[in-house]
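I open this notebook page to record what I looked up in the model, starting with burial and ending with confidence.

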Amino acid sequence: MARGKSKIVDTAMNVLAGVGGAIAANKVKDLIPIENAMVKNAAPVAVGFFLHGMKNNLASAAGTGMMITGAANLISGFIPGLSGIGSVYDEVLSGVYDMGGGSSASDEGVNGWS
C-alpha cells in the first residue's frame with residue numbers, strides 16, 4: 001500500500017476511535033450510580049485521560065473523544081448558557097444513522113434512534 005493511503009487509513013481509524021470514545025463517554029456517565037451531575041460528567045474525563053496515555057493509537061484516540069465529550073458536558077453544567085454543547089455529538093451522529101438526511105437528533109431521539 002502506498003504511504004499516502006496508509007496515512008489516510010490511520011487518520012480515518014483515529015477519527016472513528018474518537019467518535020467511539022465520545023459515545024462511550026455517555027455510556028460511562030450512565031453507569032455511575034451517583035446522582036451528582038458534576039461527578040457523572042467528570043468520570044468520562046478521568047477514564048479518557050487514562051486511555052489517552054496508552055501506547056495504542058486507537059485507545060488513545062478513544063480517550064481523546066471521551067475527554068472532549070466529558071469536558072463539554074462538565075463545562076455545560078457550570079455555564080448555563082452552554083447547556084446544548086454536551087449533545088453536539090448527537091447532532092453529528094444523527095446524520096450518520098440517517099443517511100437520507102433532513103431530520104435531526106431532536107426529531108428522532110438520541111443519536112437518531114427512536
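I first looked up burial: of the 114 residues of the protein, 33% count as buried, where buried means under 20% relative accessible area, exposed over 50% and partly exposed in between, with a 1.4 Å probe and protein chains only. I note that this is a predicted model, in which local features need pLDDT of at least 70, side-chain atom pairs count only at pLDDT 80 or more, and totals for chains, interfaces and linings use all residues. Residues are numbered from 1 along each chain as its sequence is written, and side-chain values use heavy atoms, with hydrogens and water left out.

I then read the secondary structure, which comes to 5 helices and 0 strands, taken as DSSP runs numbered from the N terminus (helices H or I, at least four residues; strands E, at least two).

For the surface, I found a nonpolar patch of about 350 Å² made by Val9, Met13, Leu16 and Leu58; patch residues have over 30% relative accessible area and no salt bridge (a side-chain nitrogen of Lys or Arg within 4 Å of a carboxyl oxygen of Asp or Glu), and nonpolar side chains (Val, Leu, Ile, Met, Phe, Trp, Tyr) are joined within 5 Å, like charges within 9 Å. Areas come from the Shrake-Rupley method with a 1.4 Å probe, only the protein chains shown counting as cover for residues. Helix 1 (residues 3-31) gives the most to this patch, with 3 residues. Methionine 13, found in helix 1, counts as partly exposed because its relative accessibility is 41%.

Last, I checked pLDDT, the predictor's confidence in each residue from 0 to 100: the protein averages 74, and 65% of the residues score at least 70. Over residues 103-114 the pLDDT is below 50, and this stretch has 21 contacts in the model beyond near neighbours in sequence, a contact meaning heavy atoms within 4.5 Å. Where pLDDT is low, the predicted coordinates should not be read in detail.
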